[in-house]
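Here are a few notes to help you find your way around. Have the viewer open as you read, and take the points in any order after the first.

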Amino acid sequence: MHYLVTGNRQALDRRYQVVGQSPAIVRDLLPDQPTAAPAGLPAGCRPYQRLHHFRWAIPEIHTCMAAANGGEPCVLLARGPLAADGTPWPTLRQGWATAAPLQQIGWLVQLARLWEPCVQEGVASSLLAPDNIGVLGWQACLFYLSGDLAPPPLAALGQSWQGLAPLSPPLAAIVGALCLGRIARIEELSAALENLAAANPSRGPAGVLGATHPGSRKANEDCFIHGPLGTYGIVCDGMGGHEGGAVASRMALDLLDRELQQLSGQTQPLPPLQVRRGMALALYRANQLLLETNRRQGRQRQRQMGTTVVAYCLSASLLHIAHVGDSRIYLIDRHHCQQLTVDDDVANQEVSLARTTSAAMLRMDGSGHLTQALGVIAMESLQPTVQTFVLPEDCLVLLCSDGLCDGALIERCWQTVLLPMLTGDLATGAGQLIDLALQELGHDNITFILLKYAA
């Protein structure tokens with residue numbers, strides 16, 4: 001395992017070997033040994049933790065090591081823009097000239113998405129240095145977060161992009177308007193970039209396949225559905241006992257199916273913001289339906305039926321995703337495998353509150369307990385996550401219940417089982433995926449949808 005380093009390197013534990021200087025990178029010589037939980041997280045760690053919801057783009061704190069003299073601690077960052085062998089990704093400046101126009105737009109869409117959260121955490125200047133941003137395939141990821149001396153204006157983001165060459169004429173027009181203040185709100189910038197991405201030609205779905213298996217359980221509380229052309233898909237994982245869970249997941253699936261059919265079946269594609277709002281509204285409606293059913297049937301506490309859900313809508317090159325609970329969505333391309341969702345569970349809640357680290361939470365009981373699911377949380381407390389990503393190249397989109405992704409199974413098997421499906425047969429690979437899950441997990445229902453996308 002390799003980690004980025006920030007802070008006082010003199011405090012490094014001897015189990016870590018420095019293998020890179022710019023950026024500073026260490027290799028863990030004892031990766032199978034547990035990582036010591038830090039006694040406390042210094043203030044500089046808080047932005048990383050509080051931006052944990054965006055961990056596809058923000059590294060997370062792995063551990064902190066205190067200096068012997070009480071000085072600045074040494075901090076290790078996990079999930080940064082590093083290859084498996086510790087090689088840093090190309091920077092935005094390095095990767096720009098050889099990237100396809102749609103790839104460039106996709107990176108800027110992600111940076112725009114990060115702007116407001118980074119402003120709120122006082123680290124927006126981290127987005128203004130192209131050499132602080134790693135890029136690989138569709139994805140952009142920051143190396144480090146740096147504190148703002150003062151909140152930068154949105155125009156500063158455009159000024160940082162002016163140095164990227166070449167800029168296509170449509171993209172140059174957006175960047176110019178941003179620099180001149182004609183784009184004054186981040187929502188306007190995101191809409192302009194997403195509309196530009198949607199206008200680029202793409203082939204779209206090249207195949208879609210779904211499967212479910214009860215695993216070692218007698219009943220299957222999971223269910224799934226996808227559009228015949230692959231323009232949308234939904235996976236639900238029920239909870240609340242065999243009968244209740246199965247009913248809840250099916251009720252939610254039926255409602256969401258109707259809503260997503262309508263969103264994806266328009267003659268003229270809907271604006272991205274309208275799709276995201278429609279997906280969020282569908283989740284609220286499904287939650288209300290299950291809450292009312294629980295009240296009508298007198299179900300309380302452990303007897304309440306509910307469901308997790310992951311869903312996607314595909315519009316041209318734009319992938320819109322939504323989730324509640326701990327079912328997941330992954331994006332797999334020839335470069336890497338990235339989880340796009342963050343589980344709604346106690347572990348991630350504690351990390352995002354800057355109370356601990358993910359590595360420390362792995363050893364704590366109850367860390368996997370859900371913090372929200374449809375049907376078991378009040379309407380005013382429900383917080384579905386809806387996001388949009390640009391797909392600039394051939395890839396796989398995987399939606400799955402936790403019966404397939406527990407134990408980091410996807411992260412461990414993506415190169416051997418999933419990656420060959422980019423050029424091979426979905427059905428053969430899907431069968432191998434079920435077999436692997438039964439062999440290595442099998443404790444829960446196993447359900448997934450695989451979308452093959454052709455750019």
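1. Let's begin with a side-chain pair. In this predicted model, the side chain of Ser327 makes a polar contact with that of Thr308, at 2.8 Å. Where along the chain does Ser327 lie? Ser327 belongs to the loop that runs between strand E12 (318-324) and strand E13 (328-332). Although it is a loop residue, Ser327 has a relative accessible area of 0% and is therefore buried. Once its neighbours within four places in sequence are set aside, the residues in contact with Ser327 are Asp237, Thr308, Val310, Thr341, Cys400, Ser401 and Asp402.

2. Next, have a look at the sheet that contains E12. Here 5 strands make an open, antiparallel sheet, and their order is E9-E10-E11-E12-E15. Its edges are strand E9 (222-226) and strand E15 (385-390), each of which pairs on one side only. From one strand to the next, the twist averages 10°. At the E9 edge, E9 pairs with strand E10 (residues 232-239) in the antiparallel sense, over 5 bridges. If you would like one pair of residues to find on screen, try Ile225, whose bridge partner in E10 is Ile234.

3. There is another open sheet to visit, also described by its strand order. Its 5 strands run E2-E3-E1-E5-E4, again with antiparallel pairing. Strand E2 (16-21) and strand E4 (60-65) are the edge strands, and each pairs on one side only. On average, neighbouring strands in this sheet are turned by 35° against each other, direction ignored. As background, strands of a sheet pair through backbone hydrogen bonds, in either a parallel or an antiparallel way.

4. Both edges of that sheet are worth a closer look. E2 and strand E3 (residues 24-28) pair in the antiparallel sense over 5 bridges. These two strands form a hairpin, with 2 residues between them, and Gln21 stands opposite Ala24 in E3. At the other edge, E4 and strand E5 (residues 74-78) also pair in the antiparallel sense, over 5 bridges. There, Glu60 stands opposite Ala78 in E5.

5. Glu60 turns up again when you look at charged side chains. How many salt bridges does the structure hold? The count is 15. In one of them, the side chains of Arg55 and Glu60 meet, with an N to O distance of 3.8 Å. Are these two residues buried or exposed? Arg55 is buried, and Glu60 is buried as well. Arg79 joins them: Arg55, Glu60 and Arg79 are linked in a network of salt bridges.

6. Two further salt bridges connect parts that are separated in sequence. Arg93 forms one with Asp131, the closest N and O atoms being 3.2 Å apart. Arg93 lies in helix H2 (residues 92-96), while Asp131 lies in the loop between helix H3 (101-120) and strand E6 (133-136), so the pair ties together parts that are 38 residues apart in sequence. Arg93 counts as partly exposed, at 44% relative accessibility, and Asp131 also counts as partly exposed, at 45%.

7. The other is formed by Arg285 and Glu259, whose side chains meet at 2.9 Å, N to O. This pair links distant parts of the chain, since Arg285 sits in helix H8 (residues 272-296) and Glu259 in helix H7 (residues 242-264), 26 residues apart. Arg285 counts as partly exposed at 40% relative accessibility. Glu259, at 18%, counts as buried because it falls under 20%.

8. Finally, please turn to helix H12 (residues 409-418). Its buried residues are Leu409, Ile410, Cys413, Trp414, Val417 and Leu418. Why do they line one face? Seen down the axis of H12, the buried residues fall within an arc of 145°, so they line one face of the helix. On the other side of H12, Gln415 and Thr416 are exposed. What covers the buried residues of H12? The cover includes E13, strand E14 (337-339), strand E16 (395-400), helix H11 (402-405), helix H13 (426-440) and strand E17 (446-454). E13 is also the strand that follows the loop of Ser327, which brings us back to the starting point.

Terms used. Residues numbered from 1 in each chain as written. Predicted model: local features only at pLDDT ≥ 70, side-chain atom pairs only at ≥ 80, totals over all residues. Heavy atoms only, no water. Helix = DSSP H or I, 4+ residues; strand = E, 2+ residues; numbered from the N terminus. Buried < 20%, exposed > 50% of the residue type's maximum accessible area, 1.4 Å probe, protein only. Polar contact = N/O pair within 3.5 Å; in protein donor to acceptor, adjacent residues only side chain to side chain. Contact = heavy atoms within 4.5 Å. Pairing = 2+ DSSP bridges. Axes fitted to C-alpha atoms, helices over the stretch in contact; angles between N-to-C directions. Arc of directions from axis to C-beta. Salt bridge = Lys/Arg side-chain N within 4 Å of Asp/Glu carboxyl O.
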